Each structure stands twice: as C-alpha cells, then as structure tokens.
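Could you open the model in your viewer and keep the selection box handy? We will walk through it stop by stop.

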Amino acid sequence: MGTSEQVQELKEQGNKCMKEGKAMEAVFHYSHAIKLDPKNYSLYSNRSLAFLKSQQYYYALEDAKETIRLKPDWPKGYFRKGEVEAATYNYTDAVLSYTLALRLLPEDPTLAAALERTTRERARNMKADAQIPWLGAGVGLILGVMIVIADHVVADKPMLSHPVLMALITITIAMVGYCVARGYRYYMSCQQQGLLDPPIDLFPDEEQEEGDPETNNSSSGSKSTGNHQRYTKAQARFRFKKGKKS
C-alpha cells in the first residue's frame, strides 16, 4: 500500500495527461496509483474515462463497474458506465445507468442532458430498425417495376408479358430488398455489441494437467532444466516488450 501523497501525485499526473489528450499515458499513471490504493474508487472512475477516450470500451466498462462496486452511492460511477454504453450504441443500458445516477443526484444538468440525449438516440435507433427494412422493400419494389418496364420497352418479345409473372417478379425483388436491409441492420447491431467484447489474450496461460511428470518434477519456478525454462504470462509479456525495444 503506497502513501496517500504518492497516490495523489500519480492521480494528478494522470489528470494532466488527460487534459493534454494523452489518454493512454493517463491510463499508465492511474493504473500505478490503483496498485498502491486498490480501493480508491475515484481512480477507477478516472481510468474508465481514459480508456473510453482511447476507445478501449471493454476496459472502460469494467472500471466503471468496479467504481460502482466500491462506491454504489456515488452517481459518477453510473455516469461513467452510461457514457461507455452510449458510446457503444447500447442506448437502453445507457438510459438505465443515467437514470440511476440521476436518482442519486437529482436535477443535475449534466446527467439530465445525458439522459435526454441518450433517450432521443435510442428512439431514433429503434425507428431506424423499424423503417430501414421497409425502405429496402420499397427500393426493391421500384427496381422490380423498372425491370418489368425495361423488358417491355427494350425486348421485341417481352419475357414478362403475363400479369401474374410481372407481379411475382416485382414482389420477389421487393422481398429481397427487405431481407437485405434487415440483414444489414442485424449486422450493424452485432458490430456494435462487439465493441464491448473482451480483447483477445495473446498470452494465454498454459493449462497443466494433474499428474504431468514435467510439472511434478519441477519446483515452484525456482528450477529450470537446460534451456527449457518456463515463463509465466507476466514474464512472457515483459520479455516480449523488452525484445521489441532492443
């Protein structure tokens, strides 16, 4: 546990970096301070903002949740969570987070404005989900009519001369347009939800089965056999970074 002076100094360095637009450098200072004072909820809140500015949404949300866990009666924790959720288009969750923050700090203009803005964005997004597929159907309908007209104008013997066939072609193309537009909205929704997925761990822990003779014959990291030394995940990261710098 570090002294309060060290923690405060690191926090101020992080705040200075944020003002200068150096969000990832601020993350470094806040992380150092958190190691010294892991129960300091304001540090998690500040680091959540730094991660958000760096578009590291998963970590930003995790820090916001930790802020709420450490200080559930502090409105800024819910505000941080709402900011991350709004930035990743999770408007329903963001509305809930802002509402919880506003309950703890009623009539706060910043929270009220954030809630109003997010509610408006959620309504616009829901409206787009409902309208865009039908817009695609309309475009398909127009395209189908144009194909039928072009067939009668250009061809000497129109292939689509029967009314039923013309209607079937037009309706089919309209349905294709509807499905394409709906699929596009679904794809966009999946992309937005993926913004909060945890990043890929490039250094996964090695799973060691019980009874592994190599594991049983080695002491807890104090012995190595020849050049086949094993490294922990943290050691692997350090060696990787060291190798890049050299």
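The tour below starts with the whole chain and then moves to single helices, loops and residues.

**Before you click**

This is a predicted model, in which local features need pLDDT of at least 70 and side-chain atom pairs count only at pLDDT 80 or more, while totals for chains, interfaces and linings use all residues. Residues are numbered from 1 along each chain as its sequence is written, and side-chain values use heavy atoms, with hydrogens and water left out.

**Stop 1: the whole chain**

Show the chain as a cartoon. You will find 10 helices and zero strands; here helices (H or I, at least four residues) and strands (E, at least two) are DSSP runs, numbered from the N terminus. Read from the N terminus, the elements follow the order α-α-α-α-α-α-α-α-α-α.

Now switch to a surface view. The chain has 246 residues, and 31% of them count as buried. Buried means under 20% relative accessible area, exposed over 50%, and partly exposed in between, with a 1.4 Å probe and protein chains only. Among contacts in the chain with a separation of 6 or more, 54% come from residues 24 or more positions apart. Contact means heavy atoms within 4.5 Å.

**Stop 2: helix 2 against helix 3**

Select residues 23-36, which form helix 2, and then residues 41-53, which form helix 3. How do these two helices pass each other? The axes of helix 2 and helix 3 come within 9 Å and cross at roughly 155°. Axes are lines fitted to C-alpha atoms, for helices over the stretch in contact, and angles run from 0 to 180 degrees between N-to-C directions. Helix 2 is therefore roughly antiparallel to helix 3, a label used for angles over 145 degrees, with under 35 counting as roughly parallel, 65 to 115 as roughly perpendicular and the rest as oblique.

The crossing of helix 2 with helix 3 is left-handed, a word for the near helix being turned anticlockwise from the far one by less than a right angle (right-handed if clockwise). Show side chains at the contact: helix 2 contributes residues including Ala 23, Val 27, Tyr 30 and Ile 34, and helix 3 residues including Leu 43, Tyr 44, Arg 47 and Phe 51. The contact residues divide into 10 nonpolar, two polar and two charged. Ala, Val, Leu, Ile, Met, Phe, Trp, Tyr, Cys and Pro count as nonpolar, Asp, Glu, Lys and Arg as charged, and the others, Gly among them, as polar.

Center on Ile 34, in helix 2. Ile 34 is buried, at 7% relative accessible area. Not counting residues up to four places away in sequence, Ile 34 touches Leu 43, Tyr 44 and Arg 47. Add Lys 11 to the view: Lys 11 and Ile 34 are 23 residues apart in sequence, and their C-alpha atoms are 9.3 Å apart in space.

**Stop 3: helix 3 against helix 4**

Add residues 57-70, helix 4, whose axis comes within 8 Å of that of helix 3 and crosses it at roughly 160°. Helix 3 is thus roughly antiparallel to helix 4, and this crossing is left-handed. Among the contact residues are Tyr 41, Ser 45 and Leu 52 of helix 3, and Tyr 59, Ala 60, Asp 63 and Leu 70 of helix 4. The contact divides into nine nonpolar, three polar and three charged residues.

Zoom in on Asp 63 in helix 4. Is Asp 63 buried or exposed? Asp 63 is buried, with a relative accessible area of 5%. Setting aside neighbours within four places in sequence, Asp 63 is in contact with Tyr 44, Arg 47, Ser 48 and Phe 51.

**Stop 4: two loop residues**

Most residues other than glycine have a negative phi. Select Gln 55, in the loop between helix 3 and helix 4: Gln 55 has a positive phi of about 60° although it is not a glycine. Gln 55 counts as exposed, at 55% relative accessibility.

Next select Glu 107, in the loop between helix 6 (91-104) and helix 7 (109-154). Glu 107 is not a glycine but has a positive phi of about 65°, and counts as exposed at 78% relative accessibility.

**Stop 5: Thr 118**

Move along to Thr 118 in helix 7. Thr 118 is buried, at 2% relative accessible area. Leaving aside neighbours within four places in sequence, Thr 118 is in contact with Ala 86, Tyr 91, Ala 94, Val 95 and Tyr 98.
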